[in-house]
Structure formats: structure tokens, C-alpha cells
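Q: Please choose one part of this model and take me through it closely, strand by strand. I would like to follow how its pairings, its buried side chains and its surroundings fit together.

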Amino acid sequence: MKLFSILESNVHEALELTVAKDYAEHIRRPETEKVINDLMAKLKQQGTFAGKESKRGERIYFDYDNSDGEKPEKFRSPTMDGLELTLRNNGDIFKELFGKTYSLEGGKDYLDGLATDSKGQKVGIGKLFNMSIEKLKKKGDEESLKLVQRFEYNRRAFQEDQARNNAISRKNKKTYIVISKANYDIAGMTTGRSWSSCMSLTSGNGQKYIHCDIKEGTLIAYLVDGDDINIQRPIARLLIKPFISTKNYKDYLYVVEREEYGTAPGFSEVVQKMFKDAQPDKSGTYKLNRKLYQDTTDTEVTITKKVKVINKEMFDKFIEKEGETLISVGASSLGEFFEINPSNIEVLSGIEADTTIYIDGDWNYSSDLNNLRRVSEVSNIKTEGSLHVKELSGLIKISNVDSEYIFIEKCEKLETIENASASRSIKIDSRSFKSLKSISGNTDHITIEDGDQEIFDRLDIKDLKIESYLNIEEFTGTSLKFLENVNTENSRMIIFVDKCDAIKKLPTRIGNNEYSSIVLYLPKNLEGKTKIPEYTKNYRVKFRDE
């Protein structure tokens, strides 16, 4: 097959010819066109470039080799996460029905549609839910019928899991990333596609910005099958928007939006790396072109110098503990590496390492050079280990931190935690929590040490995505109504409220997702004392010994 016989006629694109012609009239300024062409030339130097582009040079094609993300054992999807939690949370139910519990043993089993019982035997996921629903219907009591609804939802979600279905259908298929500046590709970012967004030409409230995207130089990345090089049935898409330097209006930075439309695990990460590698020398602060619609990017991005490789010569404070290398980020380290006087530092930003990072404001406090007490913001920190932020007495904001574990201790003025990503857990101690007003990001497990009613009532947590567990220790308030604001999108949570004896009021729902499956655990001493609402929309209450 002649893979790259690119047809230039708009008739063969997703947009109708008349619509395509309307958007073909928009022309970019020469200086913007030059910036785009230079960037696309740098992109073509990447190792994945397939060596092909459309005749007018508006599209360039890259081999999509996400071999790690496409390995069956590496597969994950939100539906798979939800099923795992359902099987775990209802272990006692499955034990009662079948004499054993069930789990998902990995991505390959999930793609094959298999669960594993506690004796090591495989069973079809659909079959398991079918048998469970049948037995629960025969029992007929109110609790069993509620579980029937839950399991029917799980069964349907499994059958309709688009990520799983796409992964199965694309197995052994050739796929390509297409980076395009073509007017009709940008105008057709949503129209005629398998997804919907506010940029639809027929119903989107953001469609009025599409001509601005074209004129101001927005790019688009599509993931397509090898037999769909004209982008009629794309698998996924991302927008890449121009940001302008606050110091030089001719200096552009192209930023990949966080929101991916369609379903393609690993696609977003590959595109982000492509654009990062193609813009290696960028630094400073860049703001989104004010003529463009802000969808899922920030309006401002700051690029700082990052520590890529940690070695002993660079740091005079280097600790070996139980075979793990730990970096204490103290002033002598910062002063040597960032060439600044740490006693004057107010924003600690741009550290990337593959080890545990300690940022300790009380570290070697007797030396002015090693004093981080003036730091008001910690941002853009990334590590494969743990991140410890401790005793920064002037700290107000933590933003854009990415780690396995995040520990925040004794930061008494902290008001905002923004875009905190922890693959395992976040823990916030009581002293750091007392001034906190908002927290956003995502984590598997978050622990918040004691807090009173006023703190929880003011806390904005609607943008905090918690995958599995929320643990509140020593809650002193009387109402858990604030749990209505928890982000329950795609969430199957367990919530523990420990060491409390004053709770009188429970919410009728938790979060806004009526299909979420949540168990709220309260201490045994509250059983019979706390009134449980007659109708709870998406959660159930259990009592346990502490």
C-alpha cells in the first residue's frame, strides 16, 4: 500500500467542502508563519519522523512507537481502576456469593476480559457480574437490589470501555502522529469526530475562537491509523497553543494542552516530549496569546533551569540511607547549582530529580546562607521519589509538583496547593492545613491531619481528584457536608474519618457523580449517635473500630 498518497482536496477531509472553504480564507501573519515553519522543521529532526509530509507542507507524519504504553501489561483505563475498586470494596459480598474474592491481576488480563479469584483461577469479568447479578436478584432484599444496580453499571462500563476496545482493535496496527497547521485540520478538531468539545462548529460555545487559533498559529496533533492518513477517523487529538514571552514578543513557546480528546494511552506524553525536545533553549515566563481561548492550559508558563542529573560533586549535602540516595535541597546546594544567594530566594522552582527531595526550611538554620524561610512559593518540582516540604515559615503556595509521595509539614501560612500530582499519596499535617484554602491535582490516597469545622467548610477541593482513599484524622467538627465538594469524577473512593466523636450531620451525597461508589467509614463510637440520611445518593456508611 502506498501509505503517504496524501490527497490535497478538502473533499476528502472530515469537514464539508463549503465549511472548509470558509476557514481556508484565514491567513496567518508572515512572522507567525515563520515561527511555525521553523518549529515544524525542528520537529522533523526527531527520531520518530516518518520522512513524509503533505505536498504543501501543512502536515508532517511521525511513526507512533509507544511500545511501552501499548504493552498489554502496562494498560490502564479509568474504567479498569473503577472495576478494581469495586472488586476490592465488595470482597465480602463475593465471598458470601461464591466463597472467594476476585481481583484484576494487570492490564493484559483486563484486555482479555479476565478476573482472578482468591484461588488463582481465571473467570470472565462479564460472566462474574452476570452470575453476581443473578444471585443478588434472587435474594431480593433492598441492599442486594442496590448492588444489582451497581454491578449492572460496572458490567456496562466494562463492555463499553472505549480505551479497552480501542487498544484491542489497534493491536498490531500501524499508527501515526500527524502534526498539522492546516486550516481545515484545526477547524475540524471536533466537528465530525468521535468526541465532543466546546470547539464544535455546530454546537460548541468556543467555536468563535477557531478562526483565532488558525490566524494566531495554533497547531494540532492527531493520532491516526495507518490507513487513515487523511484524518477522517482519528483516534485522538491534542491542541498545541502559542505562548508569548513577557520579555520578547517575538519569542514563542508552543505548549501542549493537558486535555486529550479521544482515547490513546501514552499519546499525550509522546507529543509533549516531541515539543519539549524541539524547544530546548526556552526559558523565562510565557503567557498564552490573549486572542486564544483558554481551555486546559494555564494562562502563564514559567520555564526554569532543571536538575537533570544529580551527582556528588554538585552537592555538599548528600546522604546515603538504606541504599536510597536522598537529596537535601538546602542553600549551599541551591547556591552552587542555581548561582543565587539562597537567603534571598522567594520562589523555589524548577528542580527535577530521580531521587527523594527534601526542602527543609529549618535545615542548618544557624547559617544565613542555608536559610529558606523567605520562600513563599514552591513550584515545578518533579521527582521519581518522595517530595518533603518542611518548615517553610513563609510558604504560601505549592504548585505543579509531581512525585510518588508528597509530605507537607509545618508550613503554617500555606494557602494553596495547586496541581499536585502524587502517584501514591499526599499527606498534610495539621499545622500546614490550618491556613489552607484550596487544593487541586490528583493522587491515589490523601491524608489530612486534624482540622476543625471552619477549615473544612472553607476548603475548595472540587478540583482534587482522589482515586482510592481520603483519610481525615481527628476531625473535630460536627458536619461532613463539605464532602459534597469532593471531586468524584471516575472515582470509587473509600473515606475514613478517624478519632472523631462530635459528628451529627452527614451529607446526602458525596461529590457530583451519582454513579460513584463510595464507602464512608466512621468510628464505632458514633454508631447509633450519628443520624444516617434515609436516602444517600452515591455512598454507604460503615462503622469500624479504630
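A: Happy to! One term helps before we start: two strands pair if DSSP finds at least two bridges between them. Please also keep in mind that this is a predicted model.

First, the setting. The chain holds 15 helices and 25 strands, and buried residues make up 50% of its 546 residues. Among contacts with a separation of 6 or more, 56% join residues that are 24 or more positions apart.

Let's warm up on two pairings. Strand E19 (residues 397-409) pairs with E20 in the parallel sense over 10 bridges, and here Ser399 has Glu418 in E20 as its bridge partner. E20 is also joined to strand E21 (residues 438-448), again running parallel, by 9 bridges; in this pairing Ala422 stands opposite Thr443 of E21.

Now to the part I would like to look at closely, strand E23 (494-498). On one side of the pairing, 5 bridges join strand E22 (residues 464-473) to E23, and the two run parallel. Leu470 stands opposite Ile495 of E23. E23 also pairs with E24, in the parallel sense, over 3 bridges, with Phe496 standing opposite Tyr521 of E24.

What about the side chains? In a regular strand they alternate between the two faces of the sheet. In E23, one face carries Ile494, Phe496 and Asp498 and the other Ile495 and Val497, and both faces are covered, with every one of these residues buried. That makes 5 of 5 residues of E23 buried.

Val497 leads us into the largest nonpolar core. This core has 55 residues, and Val497 is listed with Leu480, Leu520 and Leu522 as having the most contacts inside it. Strand E20 (residues 416-428) gives the most to this core, with 5 residues. Leu522 is a good residue to zoom in on: beyond its neighbours up to four places away in sequence, Leu522 touches Leu480, Val497, Ile503, Leu506, Val541, Lys542, Phe543 and Arg544.

For a contrast with E23, follow the chain into the loop between E23 and E24, where Lys504 lies. Exposed means over 50% relative accessible area, and Lys504 is therefore exposed, at 64%. Setting aside its neighbours within four places in sequence, Lys504 is in contact with Thr478, Thr530 and Lys531. The C-alpha atoms of Lys504 and Thr530 are separated by 5.1 Å, although the two residues are 26 apart along the chain.

Finally, E24 takes us to the second largest pocket. Its lining draws at least two residues from each of helix H8 (142-159), strand E24 (518-523) and strand E25 (539-544), and H8 gives the most, with 6 residues. The pocket has a volume of about 730 Å³. It is lined by 24 residues, of which Lys146, Thr536, Lys537, Asn538 and Tyr539 lie nearest its centre. If you are thinking about the chemistry of the lining, it divides into 10 nonpolar, 6 polar and 8 charged residues.

So, to retrace the path: E23 is buried on both faces, Val497 has a place in the largest nonpolar core, and E24, which pairs with E23, supplies residues to the lining of the second largest pocket.

Methods: Residues numbered from 1 in each chain as written. Predicted model: local features only at pLDDT ≥ 70, side-chain atom pairs only at ≥ 80, totals over all residues. Heavy atoms only, no water. 1 Å grid on protein atoms, 1.4 Å probe; cavity = no way out; pocket = protein on both sides within 12 Å on 5 of 7 lines; lining within 4 Å. Points joined across faces, edges and corners; volume = space filled by probe spheres on them. Helix = DSSP H or I, 4+ residues; strand = E, 2+ residues; numbered from the N terminus. Nonpolar A, V, L, I, M, F, W, Y, C, P; charged D, E, K, R; others polar. Core = buried A, V, L, I, M, F, W, Y, C linked by side-chain atoms within 4.5 Å. Buried < 20%, exposed > 50% of the residue type's maximum accessible area, 1.4 Å probe, protein only. Contact = heavy atoms within 4.5 Å.
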